[in-house]
Amino acid sequence: VVNQLIAPLRKIEEVAENIDSGKFTKLADEEEKGEWGRLGRTINYLSQELSKTLNDLMLERNRLKIMLDRLADGVIAVDTAAEITLVNPAMLKMLSLPLTVEARSIFAHEEFEQIKSFFLEALSNKEVLHKNILLRDSLQLECTVTLLYDAEKVIGAVALFRDITDMVLLEEMQKNYVANVSHELRTPLTALRGLV
């Protein structure tokens, strides 16, 4: 009699252990009578729903990864301690780092401490920040840091980096051109003014 009571429980326990280890193919016996049958149906339903939810999450994660990998702008995400949790290939390319570099080690480079301090500032002030960062004397990055929330709690931050080096150089060239033209025109105008 005890074995008849314990046998269905052991089968359900085995199914629960399989679910716990991520195996959703083993199902509980739904043909049992009474509470064991209802419990089996409930376990099977939960197993199917959990499997579906995990598959949906994996699909969404893969979509997000493809989008981040193809994005032309750099992206870095950090946790609340400003430790990198995600970096996309475009960011690694901007920083002249190999694609195989370990994300958490990036801020160990002295030249990138400025980026980390930017994240720390955004996290401590709990606000969106927008700045231009100069790295390696020539690399100009436009950066926007936005906080990540889980309900009301800040769980990290994500930043979008755009390489504006060429744009800054072009603006500098335009300023120099205007300054040179105005200087060159000033000399003849002064002479003409004197003649007049």
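Reader: Let's start with R104: what is its relative accessibility, and does that count as buried, partly exposed or exposed?
Author: Keep in mind that this is a predicted model. Buried means under 20% relative accessible area and exposed means over 50%, with partly exposed in between. R104 comes out at 43%, so it counts as partly exposed.

Reader: Which residue does the side chain of R104 meet in a salt bridge?
Author: R104 sits in the loop between α3 (89-94) and α4 (113-125), and its partner sits in the loop between β1 and β2 (84-87), 21 residues apart. That partner is partly exposed, with a relative accessible area of 27%. The two side chains meet at 3.8 Å, N to O, and the partner is E83.

Reader: How many salt bridges does the structure hold?
Author: Side chains of opposite charge can pair when their charged atoms come close. One of the pairs here is R104 with E83, and another is D69 with K65. Over the structure, the count of salt bridges is nine.

Reader: Where do D69 and K65 lie?
Author: Their side chains meet in a salt bridge at 2.8 Å, N to O. D69 counts as partly exposed, at 34% relative accessibility. The two residues are four apart, about one turn of the helix, and both lie in helix α2 (residues 35-70).

Reader: How many residues apart in sequence are the parts that D73 and R162 tie together?
Author: The side chains of D73 and R162 form a salt bridge, 2.8 Å from N to O. D73 is in the loop between α2 and β1 (74-78), while R162 is in strand β5 (residues 153-163), so the pair ties together parts whose separation in sequence is 89 residues.

Reader: Is D73 buried or exposed?
Author: The cut-off for buried is under 20% relative accessible area. Its partner R162 is partly exposed at 39%. D73 has 15% relative accessibility, so it counts as buried.

Reader: Which residues do salt bridges that share partners join into one network?
Author: We've already met a pair from it, since D73 and R162 meet in a salt bridge. Shared partners bring in E142 too, and the network is D73, E142 and R162.

Reader: What about the sheet: which strands are at its edges?
Author: Five strands make an open sheet with antiparallel pairing, in the order β2-β1-β5-β4-β3. From one strand to the next, the twist averages 25 degrees. An edge strand pairs on one side only, and here those strands are β2 and β3 (129-135).

Reader: What is the bridge partner of V145 in β5?
Author: Strand β4 (residues 139-150) and β5 pair in the antiparallel sense, over ten bridges. For V145, the bridge partner in β5 is A159.

Reader: How many cavities of 30 Å³ or more does a search of the whole structure find?
Author: Rolling a probe the size of a water molecule over the atoms shows where empty space is left. The largest cavity holds about 30 Å³ of space. At a cut-off of 30 Å³ or more, the search finds one.

Reader: Which helix gives the largest share of the lining of the largest cavity?
Author: The lining consists of P8, K11, I12, A28, D29, E32 and W36. By class, that makes four nonpolar, no polar and three charged residues. The largest share, three residues, comes from helix α1 (residues 2-20).

Technical notes. Residues numbered from 1 in each chain as written. Predicted model: local features only at pLDDT ≥ 70, side-chain atom pairs only at ≥ 80, totals over all residues. Heavy atoms only, no water. 1 Å grid on protein atoms, 1.4 Å probe; cavity = no way out; pocket = protein on both sides within 12 Å on 5 of 7 lines; lining within 4 Å. Points joined across faces, edges and corners; volume = space filled by probe spheres on them. Nonpolar A, V, L, I, M, F, W, Y, C, P; charged D, E, K, R; others polar. Salt bridge = Lys/Arg side-chain N within 4 Å of Asp/Glu carboxyl O. Buried < 20%, exposed > 50% of the residue type's maximum accessible area, 1.4 Å probe, protein only. Pairing = 2+ DSSP bridges. Axes fitted to C-alpha atoms, helices over the stretch in contact; angles between N-to-C directions.
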